[in-house]
Amino acid sequence: MELYQLRGFAAVAELGHLTRAAEKLHISQPALSAQIKALEDELGVVLFERSASGMTLTAAGKRLLPEAVKVIEAAAALRGKAHAFHGEVAGHIRLGTLSDPEFIRLGDFLAQATARFPLLEIELHHEVSGAAFEKVRDGELHASFYYGDVTHPAVAAVPLRDIAYRVAAPAAWRAEIADASWNDIVARPWLLAPPISTHRVLATQLFHQRGSAPATLIEADNEAVIRSLVASGLGIGLVREDLAQDGEAAGELCVWSQARLATTLQFIYPREHAEEPEVRALLDVIGNVWREPPARVRGSNSARRSPARAGADGQSTKKKAGGSLRRPRED
């Protein structure tokens, strides 16, 4: 059994298609097909059901995939630690991102990470906040940006900035919304993100606090879509405060003044992996990027928390992976 065979197995399982997996691995389709067949022969099981539409895991494949991923990650960790002896950090990182790259300063983060740690491969996964949390908790992501509180003992967090959400409506409703009661607001259609999102959690908390929920709910897959649909006149929704202010200035939105919901942008990672060189490198970069907040992000006038410097859980300030590390918030 070869490590490249396990990588091929994992890639086909992730993408469900031999051609796309081969493209990801930068090998030919016949070569990848031969790798999968050789692995199946060695293990004595069929890993995939083949069809014209793609490849799906068999029952045996589903059982064996987590073990294959563990071997791949163990090999990457071994390689990373070996490079760390020479002052280098190497490995493959799966990083969760959210819907607004500018707001989370993703470009700055990647620019610093690639410049300082050129052997560190970063694979981006766009996630809804709640799904990102679950994947970090379960080890599917090495780290992720995340909106909300962290309450799980397996997940550590670095708070980056406070965020506020406002109840926004189409600009055409301004006269009706200005002095509206909650009963008037909740009687309108509402646009909400999926239940797993922090956006939906905040809305649910608002409904609970006010004692009633909208009868008409329209689900949209991300916050950018919600803002657009609110501006188009479809209903009311929670919009991040800086975007709501921009929308008011542009004559697209109006804000109901009687509610303001707060949460936090955080950088989360599995607590048990805090000492791995790859994770420490990410924490060092996130600390550098957020040490001095931008003067202005998309027109935001909201209050900002002083960004925490990133670090490994339970560790005092020390040098590793090219920068200073500080303890993250305990949750």
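R105 counts as buried, at 13% relative accessibility. That percentage comes from a predicted model, as does everything that follows. The residue sits in the loop between strand 3 and helix 5 (106–116). Its phi is near 60°, a positive value in a residue other than glycine. A second non-glycine residue with a positive phi is H26, at about 60°. H26 is placed in the loop between helix 2 and helix 3 (29–43). Is H26 buried or exposed? With 71% relative accessibility, H26 counts as exposed, because the threshold for that class is over 50%.

The setting for these two loops is a chain with 12 helices and 12 strands. Of its 331 residues, 48% count as buried. The chain exposes about 15,400 Å², of which carbon and sulfur atoms supply 52%. Among contacts with a sequence separation of 6 or more, 73% are between residues 24 or more positions apart.

Helix 5 gives two examples of how distant parts of the sequence come together. F109 is found in this helix and counts as buried, at 0% relative accessibility. Which residues does F109 contact, leaving aside its neighbours within four places in sequence? They are L95, I122, F145, F267, L282, V285, I286 and V289. Of these partners, V289 is 180 residues away from F109 along the chain, yet the two C-alpha atoms are separated by 6.2 Å.

L110 is also found in helix 5. Its relative accessible area is 22%, so L110 is partly exposed; the limit for buried is under 20%. Not counting residues up to four places away in sequence, L110 touches I122 and L124. I122 is likewise a contact of F109. Between L110 and I286 the C-alpha to C-alpha distance is 9.6 Å, across 176 residues of sequence.

Helix 12 (residues 277–290) holds R280. Although arginine is grouped with the charged residues, R280 counts as buried, at 0% relative accessibility. What joins the side chains of R280 and E275? A polar contact of 3.1 Å does so.

The pockets come next. The largest pocket has a volume of about 1,400 Å³. It is lined by 44 residues, and V69, I72, E73, H92 and R94 lie nearest its centre. Elements that give two or more residues to this lining are helix 1 (3–15), helix 2 (18–25), helix 4 (59–84), strand 3 (91–97), strand 4 (120–126) and helix 6 (129–137). Helix 4 provides the largest share, nine residues. By class, the lining has 18 nonpolar, nine polar and 17 charged residues.

The second largest pocket holds about 220 Å³ of space. It is lined by 13 residues, and the closest to its centre are Y146, G148, D149, T198 and V201. At least two lining residues each are supplied by helix 6, strand 5 (143–147), helix 9 (198–210) and strand 10 (253–270). Helix 6 therefore contributes two or more residues to the lining of the largest pocket and at least two to that of the second largest, where helices are DSSP runs numbered from the N terminus. Which element gives the second largest pocket the largest share of its lining? Helix 9 does, with four residues. The composition is seven nonpolar, five polar and one charged residues.

Two of the residues closest to the centre of this second pocket, G148 and T198, are also touched by T263. T263 lies in strand 10 and is buried, with a relative accessible area of 9%. Its side chain reaches the backbone nitrogen of G148 at 3.3 Å. Not counting residues up to four places away in sequence, T263 touches Y147, G148, R161, D162, I163, Y165, T198 and L202.

Key: Residues numbered from 1 in each chain as written. Predicted model: local features only at pLDDT ≥ 70, side-chain atom pairs only at ≥ 80, totals over all residues. Heavy atoms only, no water. 1 Å grid on protein atoms, 1.4 Å probe; cavity = no way out; pocket = protein on both sides within 12 Å on 5 of 7 lines; lining within 4 Å. Points joined across faces, edges and corners; volume = space filled by probe spheres on them. Buried < 20%, exposed > 50% of the residue type's maximum accessible area, 1.4 Å probe, protein only. Polar contact = N/O pair within 3.5 Å; in protein donor to acceptor, adjacent residues only side chain to side chain. Contact = heavy atoms within 4.5 Å. Areas by Shrake-Rupley, 256 points an atom, 1.4 Å probe, with all protein chains shown as cover.
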